[in-house]
Amino acid sequence: KNNWQIVNPSTPANYFHCLRRQLHREFRKPLIIPATKALLRHKLAISPLEDFTGDTRFHRVIDEAYPEELAGDDAVRKVVFCSGKIYYELLEKRRFEEKDDVAIVRVEQLSPFPFDKVAENVAKYPNATEVQWAQEEPKNMGAWMFVHDRILTATREINGTEVRPTYCGRPTMASPAEGYGDVHTREQDRIAKEAILD
């Protein structure tokens, strides 16, 4: 139980702090980072220098990063949890569609699962009618099967009201990708639209 760490950092600073934390901890557990190389060159995957210095640390969950783009916590109708690169596609789609009622929360550490932070982010938006997990991997791959029950547990045990998350991503597949660039692009767009507009 909790004998390894699975982390999917989405910012350079969080990646740095993840590695730094691994070196400075007094115990040793395997660290798995299933991050894609695409974030190395993504124009939005940046961190200011202040995020590396001073009293900064690794964030297991990154709350809504642009609250000023939302109408307000009470106006949020949907909370979308995700991990890794898909966050930036969801953010770009939200900005393109000018939606101000969808909060996007990044789960940076999948295991051990951050029950407290997930519950805190669900409670932050009291009028949200939907909590959703978005991923680009097929349903039988990626983190969905792992996070589903843990979101249920976090909301039930910490917030007192169980919230059943919905799924947004590719259907169950035998292969991890479609195999055609155009089909892949269409699917990515469909996932972003479904997460932000539905």
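These legends accompany several close-up views of a predicted model.

**View 1. The packing of helix α3 against helix α4.** In this predicted model, helix α3, which spans residues 115-124, packs on helix α4, residues 144-159, at an angle of about 75° and with the two axes 9 Å apart. The two helices are therefore roughly perpendicular to each other. On the side of α3, the residues taking part are F115, D116, V118, A119, V122 and A123, and they meet R150, I151, T153, A154, T155, I158 and N159 of α4. Sorted by class, this contact comprises eight nonpolar, three polar and two charged residues. Two packed helices are described by the angle between their axes and the distance between the axes.

**View 2. The largest nonpolar core and the elements that supply it.** The largest nonpolar core of the model holds 22 residues, and those with the most contacts inside it are F81, W133 and V147. At least two residues of this core come from each of β4 (78-82), β5 (102-107), α3, β7 (130-138) and α4. Among these contributors, α4 gives the most, with four residues. Once residues up to four places away in sequence are set aside, V147 touches L110, F113 and W133. Apart from this core lies another one, of 17 residues, which includes I104, A134, C168 and A192. In soluble globular proteins, nonpolar side chains tend to be buried together.

**View 3. The cysteines C82 and C168, whose sulfurs are too far apart for a bond.** A search of the whole structure returns zero disulfides. For C82, the closest cysteine sulfur is that of C168, and the separation of 10 Å is too far for a bond, since a disulfide requires a pair of cysteine sulfur atoms within 2.5 Å. Seen from C168, the closest cysteine sulfur is in C82, again 10 Å away and too far for a bond. C82 is buried, with a relative accessible area of 0%, and C168 is likewise buried, with a value of 0%. C168 is also one of the residues of the 17-residue core.

**View 4. K93 in helix α2 and the residues it contacts.** K93 belongs to helix α2, which covers residues 86-97. With a relative accessibility of 11%, K93 counts as buried, because the limit for that class is under 20%. When neighbours within four places in sequence are left aside, K93 is in contact with D189, A192, K193 and I196. Of these contacts, A192 is also among the residues of the 17-residue core.

**View 5. P112 and the cis peptide bond that precedes it.** P112 is located in the loop between β6 (109-111) and α3, and the peptide bond leading from S111 to P112 is cis, with omega near -5°. With a relative accessible area of 24%, P112 is partly exposed. Setting aside its neighbours within four places in sequence, P112 is in contact with N2, W4 and Q5. The C-alpha atom of P112 is separated by 7.4 Å from that of I6, although the two residues are 106 residues apart along the chain.

**View 6. E98, a residue with a positive phi.** E98 is not a glycine, yet it has a positive phi of about 55°. Most residues other than glycine have a negative phi, and most peptide bonds are trans. The position of E98 is in the loop between α2 and β5, and at 69% relative accessibility E98 counts as exposed.

**View 7. P171 in the loop between β8 and α5.** The loop that holds P171 runs between β8 (166-170) and α5 (181-197). P171 counts as partly exposed, at 48% relative accessibility. Apart from neighbours within four places in sequence, its contacts are with P138, K139, E187 and R190. P171 and I32, which are 139 residues apart along the chain, have C-alpha atoms separated by 25 Å.

**View 8. F16 in helix α1.** F16 is placed in helix α1, residues 12-24, and is partly exposed, with a relative accessible area of 35%. Between F16 and E137 there are 25 Å in space, C-alpha to C-alpha, for two residues that are 121 residues apart in sequence.

Technical notes
Residues are numbered from 1 along each chain as its sequence is written. This is a predicted model: local features need pLDDT of at least 70, side-chain atom pairs count only at pLDDT 80 or more; totals for chains, interfaces and linings use all residues. Side-chain values use heavy atoms; hydrogens and water are left out. Buried means under 20% relative accessible area, exposed over 50%, partly exposed in between (1.4 Å probe, protein chains only). Axes are lines fitted to C-alpha atoms, for helices over the stretch in contact, and angles run from 0 to 180 degrees between N-to-C directions. Angles under 35 degrees count as roughly parallel, over 145 as roughly antiparallel, 65 to 115 as roughly perpendicular and the rest as oblique. Contact means heavy atoms within 4.5 Å. Ala, Val, Leu, Ile, Met, Phe, Trp, Tyr, Cys and Pro count as nonpolar, Asp, Glu, Lys and Arg as charged, and the others, Gly among them, as polar. A nonpolar core is a set of buried Ala, Val, Leu, Ile, Met, Phe, Trp, Tyr and Cys residues joined through side-chain atoms within 4.5 Å.
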